[in-house]
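Visitor: I am new to reading protein structures. Could you take me through one, feature by feature?

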Amino acid sequence: MNTFREITGKLPEQLKSALNRLPDGVVREVEEIRFRCGQPLRLQCGMRERVFGEPISQADLHKILNNLIQYSYYAYEEDLSKGFVTIEGGHRVGICGKAVIKQGQITMMKEISSLNIRFAKEIKGCSSAVLQELLEGGLPINTLIISPPGCGKTTLLRDIARALSENRIRVAVCDERSEIAGMYQGKSSFDLGPRCDVLDGCEKAQGIPMLIRSMSPQVIITDEIGRPEDVSAVEQCLVSGVTLITSIHGSCQEDVEASAIGALVKQGVFRRLVYLTNAGGVGRIREISRQETSTCCAS
């Protein structure tokens, strides 16, 4: 709640005044604040949406972004080119506008047209319902969390990292989008336990092998796997004896098998498939599927 008030303090006066009048019960439910040029501000509170204030101008959008990143464009240059920044507290600010492309790569975003502040949440203990399913002989096994957007998969992964780390397991987080740890000035914004190392802002295809070589983890945790280049990183975990716990967007096994890592799922590489639902709270388990161990790719 304090974080919400801190962020609203960086908004234009008329928006700040409107949001500061919200009751605490509503503030606790806020998941996103969306700003679109020419549209009023919108709050996403679970399945409900609230609309506030007058249409927002492009000047307002630039001012909001400047305040959120404290005018440190150089420090956020790489993230800005990817269309988002992670601010203090681990919260993610998505950015849309006119992409500036040089040599086939997006180098910056200008003429900002919309911003989306997504509030990162830490819910300690939310992994307790699933944690024992992810262990065999006290050690973690390869696990894939399958979830539509907004069902709390990142929040769940964050708590799994904490719980395993507190259970004397060496954990490494490959945090490509800076969402699991929310690193800010070299420190995690969340409690990931005493035995967790974080590689921040690095693509999984490069970061996972790097963590295996440099940090000797027992388990690597990462988010939103599924691109073709991620397959080799998964395979490197398998041959190195390092467990992988990760997530993918989807609603059913057919969705997963149609992805780039579908062949690995069919081989039984992931011993547990955990399906989330948005009914009943963050990280709510809909189903856990137990896969047969692959004869060539066991964890």
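Visitor: Where is the place of Ser-216?

Guide: Before we look, keep in mind that this is a predicted model. To place a residue, look for the helix or strand it sits in, or the two elements on either side of it. Ser-216 is in the loop between helix H8 (204-215) and strand E12 (219-222).

Visitor: Is Ser-216 buried, partly exposed or exposed?

Guide: The idea is to ask what share of a residue's area is accessible: under 20% is buried, over 50% is exposed, and partly exposed lies in between. Ser-216 has a relative accessible area of 44%, so it is partly exposed. Its backbone deserves a look too: Ser-216 has a positive phi of about 40 degrees although it is not a glycine.

Visitor: Which other residue has a positive phi although it is not a glycine?

Guide: Turn to Ser-178, with a positive phi of about 60 degrees. Ser-178 lies in a loop as well, the one between E10 and E11. Its relative accessibility is 4%, so Ser-178 counts as buried.

Visitor: Which glycine is found in the loop between strand E10 and strand E11?

Guide: That loop, between E10 (171-175) and E11 (196-200), holds Gly-193. Gly-193 has 24% relative accessibility and therefore counts as partly exposed.

Visitor: What is Gly-193 in contact with, leaving aside its neighbours within four places in sequence?

Guide: When you read contacts, set the sequence neighbours aside and see what remains. For Gly-193 that leaves Arg-162, Ser-165 and Glu-166. You can also compare places along the chain with places in space. Gly-193 and Arg-48 are 145 residues apart along the chain, and their C-alpha atoms are separated by 34 Å.

Visitor: How many Å separate the C-alpha atoms of Gly-89 and Tyr-184?

Guide: Those C-alpha atoms are separated by 7.6 Å, although the two residues are 95 residues apart along the chain. Gly-89 lies in the loop between strand E4 (84-87) and strand E5 (91-102). Beyond its sequence neighbours, Gly-89 touches Ala-120, Ser-189 and Phe-190. At 25% relative accessibility, Gly-89 counts as partly exposed.

Visitor: What about a residue inside a strand? Is Asn-116 buried or exposed?

Guide: Read it in two steps: the element, then the accessibility. Asn-116 is in strand E6 (residues 105-118). Its relative accessible area is 10%, so Asn-116 is buried. Not counting residues up to four places away in sequence, Asn-116 touches Glu-32, Ile-33, Arg-34, Arg-92, Val-93 and Gly-94.

Visitor: What does Thr-107 touch, not counting residues up to four places away in sequence?

Guide: Thr-107 also lies in strand E6, and it touches Ser-81, Val-100 and Lys-102. With a relative accessible area of 29%, Thr-107 is partly exposed.

Visitor: Now the interior. How many residues has the largest nonpolar core?

Guide: To read a core, look for buried nonpolar residues joined to one another through their side chains. The largest one here has 34 residues, and those with the most contacts inside it are Ile-33, Phe-35, Leu-41, Leu-43 and Leu-115. Helix H4 (residues 58-69) gives the most to this core, with 5 residues. Apart from it lies another core, of 27 residues, among them Ile-146, Ile-208, Ile-225 and Ile-261.

Visitor: Which residues is Leu-43 in contact with, leaving aside its neighbours within four places in sequence?

Guide: The list includes Leu-19, Leu-22, Val-30 and Ile-33. Charged names appear in it as well, including Glu-32, Arg-48, Glu-49 and Arg-50.

Visitor: Last, the whole chain. How many helices and strands has it?

Guide: The chain has 11 helices and 15 strands. Buried residues make up 49% of its 299 residues. For overall form, compare the radius of gyration with what a compact globule would have. With 299 residues that would be near 19 Å, and the chain has 20 Å, which agrees. Along its principal axes, the C-alpha trace spans about 60 × 45 × 35 Å.

Visitor: How many Å apart are the mean positions of the positive and negative charges?

Guide: Take the mean position of each kind of charge and compare the two. For the 36 positive and 36 negative charges of this chain, the mean positions are 3 Å apart.

Technical notes. Residues numbered from 1 in each chain as written. Predicted model: local features only at pLDDT ≥ 70, side-chain atom pairs only at ≥ 80, totals over all residues. Heavy atoms only, no water. Core = buried A, V, L, I, M, F, W, Y, C linked by side-chain atoms within 4.5 Å. Buried < 20%, exposed > 50% of the residue type's maximum accessible area, 1.4 Å probe, protein only. Helix = DSSP H or I, 4+ residues; strand = E, 2+ residues; numbered from the N terminus. Contact = heavy atoms within 4.5 Å. Rg over C-alpha atoms; globule rule 2.2 N^0.38 Å. Lys, Arg positive; Asp, Glu negative; His and termini not counted. Charge placed at Lys NZ, Arg CZ, Asp CG, Glu CD.
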